[in-house]
Amino acid sequence: MDEDVIGQIRATVRQLCDGFPGTYWQEKDRHRAYPTEFVNALTKAGLLSSLIPEEYGGAGLPLSVASAILEEIHANGCNGAACHAQMYTMGTLLRHGSEEQRRKYLPGIASGELRLQAFGVTEPTAGTDTTSISTMAVRDEDDYVVNGQKVWTSRAEYSDLMILLARTTAKDKIQKRADGLSVFIVDMREVVGKGMTIRPIRTMINHATTEVFFDNMRIPASSLIGEEGKGFRYILTGMNAERILIASECIGDADWFIRTASNYARERTVFGRPIGQNQGVQFPIARAYAQKKAADLMVKEACRLYDAGVPCGAEANMAKMLASEASWAAGEACLQTHGGFGFAEEYDVERKFREARLYQVAPISTNLILSYIAEHELDLPRSY
Ligand SMILES: Cc1cc2nc3c(=O)[nH]c(=O)nc-3n(C[C@H](O)[C@H](O)[C@H](O)COP(=O)(O)OP(=O)(O)OC[C@H]3O[C@@H](n4cnc5c(N)ncnc54)[C@H](O)[C@@H]3O)c2cc1C
C-alpha cells in the first residue's frame, strides 16, 4: 500500500480524533456509557468498512491500513474497542459464508446500517479451552434451537448481528477436538427477549461487555455459516487479523503514553529542574520507547505476511504479546512520571492505564501465546 495513502488516512483519523478530547472519554468512562458519537463519526468517515471488499460496498483496503487506523485512534487518546470488531468480525462471513449471505449482510455492514460487532465465543466454564464450549444448537426442521451461555460478549447491546460459535455435535460423539462446533450469524433484532437475554458486566474499564443467555432461542437454519461442524476452524482463520489489529491499538496506546510522559517530564519542575532531567525518570520512558519500536516492527511484519496471504499465526501472536507488553511498560512509565497527578482523572493517564491492561488477557492471554510459540515454533511438547 502506498505510504502517502496511509499517511492521508492517518491524518483523517487524527483530525476526527481531535473532536473527541479527554473530557469526552472521561465522561463516558465515569458513566460506563457507549461512545456513540465517536462510533458514528468513524462510521460516517467510512473507516470501519475499510476491510470489506469494494464489491460489497467497502473500501477493500489491506489489513495494514486497518492497523494504521486503529493505531492512530489510540495514539490520539481515543479508544477503538467500542467498534473495532465492526472492522474484522465480518471476516468469518466474508471467507466462509455463502454468496447469498455475503450479499445479504455485507453492504449493510459496510454502510454502517447494520452493526456486526458481537462475537460470542467465550463461555464461563470452558474459558480459553474453546473446544470445550457447551452452548448447543440442535437442528429442528428449518431452525436451530440454541441453549447455553456466553460470557464477555462485548458490544452485544450495540450490535444487530452476532457471530456465534455453538456445539452441533456432543463432545463425546466427535473424533477430533476441533470437530462438532458450528458458526452462525444471528440476527439479534429477531431474538433479543425471545430466547436471547443480554446482561451487561460492569468492569474496570468502559468496555460495553456482557453475558448472553440462550434459552430455546430459535434461529433459521440459513443462519449457519459454511458447513456444520467446521466452525472452530472458521473462527481460527479470523483470529490472526484480530490479534494484529489489537496489537496495533497497543502500539497506539504506547505512543500516547510515551508522548504524554515525555511532555510532562519536560515541563514539570521539581528541585529547580525538569523531572525529565533525572535519569531515573528518563530511563523507563526510553526503555518503553525501545520496546514499542521493536513491537511495532513485529506488527508491521505480521501485517505484511497477512496482506500477502501467507501464514502468519506466529507473527500475529508475537505482535499481540509484544505490543501489549510494550503498551503496559509505557503506561507504567507514564503513570510513575506523573507522580500523584497520574491518578487524577483529568490527566487521562489512569484511564488509559486501566484500558491498556486488558490486552495481556484478551482476546487471548499471554500464557496461551507463549504455549503457541513453544509448540509451533520451537517444537516443544504441547503443555495442555
Ligand atoms: C473486557 C473483555 C472483553 C472480551 N470480549 C470478548 C468477546 O467479545 N467475545 C469473546 O468471545 N470473548 C471475549 N473476551 C474473553 C477473552 O477472550 C477471555 O477472557 C480470554 O481469552 C481468557 O479466557 P478466560 O477469561 O476464560 O481465562 P481462563 O481460560 O480461565 O484463564 C485464566 C488464566 O489462566 C491462564 N491459563 C489457562 N490455561 C492455561 C494453560 N494451559 N497454560 C498456561 N496458562 C493457562 C490464562 O493465561 C489466564 O491467565 C473478553 C474478555 C474481556 C475481559
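The protein chain divides into three parts: domain 1 (3-111), domain 2 (116-232) and domain 3 (233-377). The model is predicted. A ligand has a shell of 22 residues around it, and both domain 2 and domain 3 give residues to that shell, so the ligand lies between these two domains. Domain 1 touches domain 3 through 25 residues of its own.

**Ligand surroundings**

- Val121, Gly127, Thr128, Trp152 and Ser365 are the closest of the 22 residues that surround the ligand.
- Two elements, β1 (116-120) and α13 (366-377), each supply at least two residues of the shell.
- The most is given by α13, with three residues of the shell around the ligand.
- By class, the shell around the ligand holds 10 nonpolar and 12 polar residues, and no charged ones.

**Domain 1 against domain 3**

- The C-alpha centres of domain 1 and domain 3 are 20 Å apart.
- Contacts between the two involve 25 residues of domain 1 and 23 residues of domain 3.
- On the domain 1 side that touches domain 3, at least two residues each come from α2 (22-31), α4 (63-75), α5 (84-88) and α6 (90-96).
- Of the elements on this side of domain 1, α4 gives the most, with 10 residues.
- The side of domain 1 that touches domain 3 is made up of nine nonpolar, 12 polar and four charged residues.

How values were computed. Residues numbered from 1 in each chain as written. Predicted model: local features only at pLDDT ≥ 70, side-chain atom pairs only at ≥ 80, totals over all residues. Near = placed C-beta within 6 Å. Helix = DSSP H or I, 4+ residues; strand = E, 2+ residues; numbered from the N terminus. Nonpolar A, V, L, I, M, F, W, Y, C, P; charged D, E, K, R; others polar. Domains from an automatic or database assignment. Contact = placed C-beta atoms within 7 Å.
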